[in-house]
Structures are given as C-alpha cells and as structure tokens.
Amino acid sequence: MYGKLESLRGVAALLVVLYHSSFSFGDRSVAFIGNSYLFVDFFFILSGFVMALAYGDRVGRDMPFWRYIALRLGRIYPLHLFMLLAWVPYILVKQYLYNAGFGGSDPSEKANLASFVSNLLLIHGMGLHDYVSWNFPSWSISVELFAYVAFYAIAVTFDRSRNLYIPAIISLTCYALIFSLDRPDIDYSYDYGFFRCLGSFYLGVFLFRLGLDRRPFESAAAMSVLEVVSVAFLITAVSLVKVDEFFSALSLMSFAGVLVVFSFSTSGILGRLLETSALRNLGIWSYSVYLVHGLVLAGFHNVFEYVLKVDIDAAMGVKSLLINALALAITIAVSRYTYIHIEKRFRDQVKAWINNKTPTASGPKAPGVVAG
C-alpha cells in the first residue's frame, strides 16, 4: 500500500523539475508550478514517515549508529558524489567561456573550491555559504543527512517511548521559527533549510505514529472522492502561496493530508493510477530525477540561450510545453540509468558490506517505499 507514496514522490520530483525550468508558456509560470519548490517539503515529510516506518523500532535497540548512518550514506551519497563530479566539467567550460568574454555570470562566485569541499562533505546546506552551489538541488540532501543524525540522537535520548508528543513539539518549534522570519514564503535553503527540513521530517514521523487505520473505507468510490478532494486541496493551497503566508502553512497541511490518504490500503481512481508500473518506476527513480535535473536543465538553458539565441525568459507558448516535455523525458531517461548504475548499485553494495554478504547479480528487490 505504501507504493502509492513512492509514486507520489516521483510526481513531486517532476514538479520540482518544472519549477526550475525557465521555459514558460506565458509571461510568468502557472501559479501551481511557480510555487512547486514546496514539494521539497513533501519529500521531507515523506522521508520522516518512511524513516519512522523503517527505523522507528530499531534505532537505539538492535541498530548501532555506525550501521544506521552507513545505510543512510549508502542511500544518498554515491549519487550525490557522482552528480557533483558531473558538474565539474560543465563549470570549467562555463568558466572558460566567461573568461573569454562570451558573457553570462561568473561561475566561480558560487562554484568555487570552498563550496566544492563543503558539497563533497555534504555540509553545504548548513549555513556555511549564503548561496546554493554546484548541483543546487543537493542542499536538501545535505540538511536531510543532518535530520537523519538528529532522528537517531533524539530517538536514543528523550524520544525512547516513541510517543506523539516529541515529534509534534519538534515539528511545531521548527515551523514556528520558520514562520517567524521576515519572509513571505518558506523557500529557505542554505540558511534555515535545516529547520525547514526538520519541521517537515518530524511532521512525517508524527503522521506515522498516529497509527491510523489503513483501511478506513471498503468502498473504492468513497476513496476516490477522498483522494480527489485531498489533491484538489493541495493544488489550491500551493497555487495560492504568494497570496498570503497562511497558504504556505495550508500547503504543509495539504501534504500531510495527501500522505495520509494515499497511505490507506484501499485505492480509489487516483490511487489505482499511482499503482501503475509507469508511476511506480518514476517513484523508484525519483531521487535520481531530483539530483539529475539541475544539470539537464542547465544544458537546455545554455543551448537555447547561447546557441539558438532564444530569450528563455520570454513567453514561449506551445513551444515551452514541447521543450519542457523533452527536458522531462531526458531527465527521466538519465535518471533511470543513474538509478541502476549508481544509486542502486552502490546502495546494494553498502547493504551487502554491512550484512557481510555478496549481493546477487540483480540485487535485492526494491521495497514499496525506499527509506529516505
């Protein structure tokens, strides 16, 4: 039943790709797409839910910290490192062209040795710089790593009873901090990204610990209504974020609602759609989609702006739909490759090393929702 959540993560990843794309149909992005940076928060909420599911009863009991953190690093670090190194030749070429007078901005202002080292150590999202750098979406991977560490530390200290109060207090405290800052939205990354992550992460932990009945409706028709209502609520809240800060909070609530609804074992019309093999695969490749898309879009933007001499900030009409569809298709194709040959390969090797066994040729079967 949790496979539907994995499919949702794939859909969310595609929305983040579209958010970062410069190719717009009109003078500005559709409000829902223009606010889709918020789906990073959905990733954080889902991550907390899945971590509570996968590790909640094991952390501090039959799982020592070294094993826990090795599994988490084996999951996130190989692809992060691969994509960081993939950005190096792109930045070098861009720096050469900039120095040769071809215009653009100076890449070294953000993609420099200091930021490379912090990216390499996965600490670049923890306030070391006042900008995102290199593979820019990876700031969220950095703060999520520290959320993993916090999850373990909190679980072995004052959250031993695994009650509802601790995750609720942590989540509300982090959100209170974020919403108290002088900003009309919650699009924090290199500065307060860790608190943004931790608040959403522990909201996910809270939702898992609620222990809701996973089969509240026997009727698929009733579930269809609930699914459609929850998704409509989400789309409305995200679309109105720029109207008032209240809708940022409402968006977070809508993410929580969608997560709960699609964790139910009964599936309605949208749930059955999420259970299709195409969307399940997209969910499995979603981490790769998230880390790969920045470089794919950078290539697209440079080709259209500097080679084809297209004003990428102007309204493109139908052409934008075709370009974005092609960018998504290439991103998904590359992500399938990186999932198989980088992400899954090294994740399985780390698991095998930890379990003191050699992985089979096909590797272990992918679970319904991959932790993290």
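How much accessible surface does the protein chain have, and what share of it belongs to carbon and sulfur atoms? About 16800 Å², with 67% belonging to carbon and sulfur; those areas come from the Shrake-Rupley method with a 1.4 Å probe, and for residues only the protein chains shown count as cover.

Before I go on, the housekeeping. This is a predicted model, so local features need pLDDT of at least 70 and side-chain atom pairs count only at pLDDT 80 or more, while totals for chains, interfaces and linings use all residues. Residues are numbered from 1 along each chain as its sequence is written, and side-chain values use heavy atoms, with hydrogens and water left out.

Okay, the fold. We've got 14 helices and zero strands in the protein chain, so the pattern along the sequence is just α-α-α-α-α-α-α-α-α-α-α-α-α-α. Helices here are DSSP runs of H or I, at least four residues, strands are runs of E, at least two, and numbering starts at the N terminus.

Next, overall dimensions. For 372 residues, a compact globule would have a radius of gyration near 21 Å, and the protein chain agrees, with 21 Å. That radius is taken over C-alpha atoms, and the globule rule is 2.2 Å times the number of residues to the power 0.38. Along the principal axes, the C-alpha atoms fill a box of roughly 60 × 50 × 45 Å. Buried residues make up 52% of the 372, where buried means under 20% relative accessible area, exposed means over 50%, and partly exposed is in between, again with a 1.4 Å probe and protein chains only.

Contacts, meaning heavy atoms within 4.5 Å: take the ones between residues at least 6 apart in sequence, and 77% of them join residues at least 24 apart.

Charges, quickly. There are 29 positive and 25 negative side chains, and the centres of the two sets lie 11 Å apart. Lys and Arg count as positive, Asp and Glu as negative, with His and the chain ends not counted; each charge is placed at NZ of Lys, CZ of Arg, CG of Asp or CD of Glu.

Let's zoom in on helix H1, residues 3-20, where Leu 15 sits. Leu 15 is buried, at 13% relative accessible area. Beyond its neighbours within four places in sequence, Leu 15 touches Phe 32, Ile 33, Ser 36 and Phe 39. Its C-alpha is 6.8 Å from that of Ile 33, which is 18 residues away along the chain.

Now the loop between H5 (113-120) and H6 (139-155), home of Asn 135. Asn 135 is buried at 1% relative accessibility, and, leaving out neighbours within four places, it contacts Met 83, Trp 87 and Leu 291. Trp 134 is in that loop between H5 and H6 too, and is buried at 10%.

Here's a backbone point. Most residues other than glycine have a negative phi. Trp 134, though, has a positive phi of about 50°. Arg 162 has a positive phi as well, about 55°; that residue is in the loop between H6 and H7 (165-180) and is buried at 15%.

Last bit: how many disulfides do we get? Zero, taking a disulfide as a pair of cysteine sulfur atoms within 2.5 Å. For Cys 174, the nearest cysteine sulfur is that of Cys 197, 9.1 Å away, which is too far for a bond. Cys 174 is buried at 6% relative accessibility, and Cys 197 is buried at 0%.
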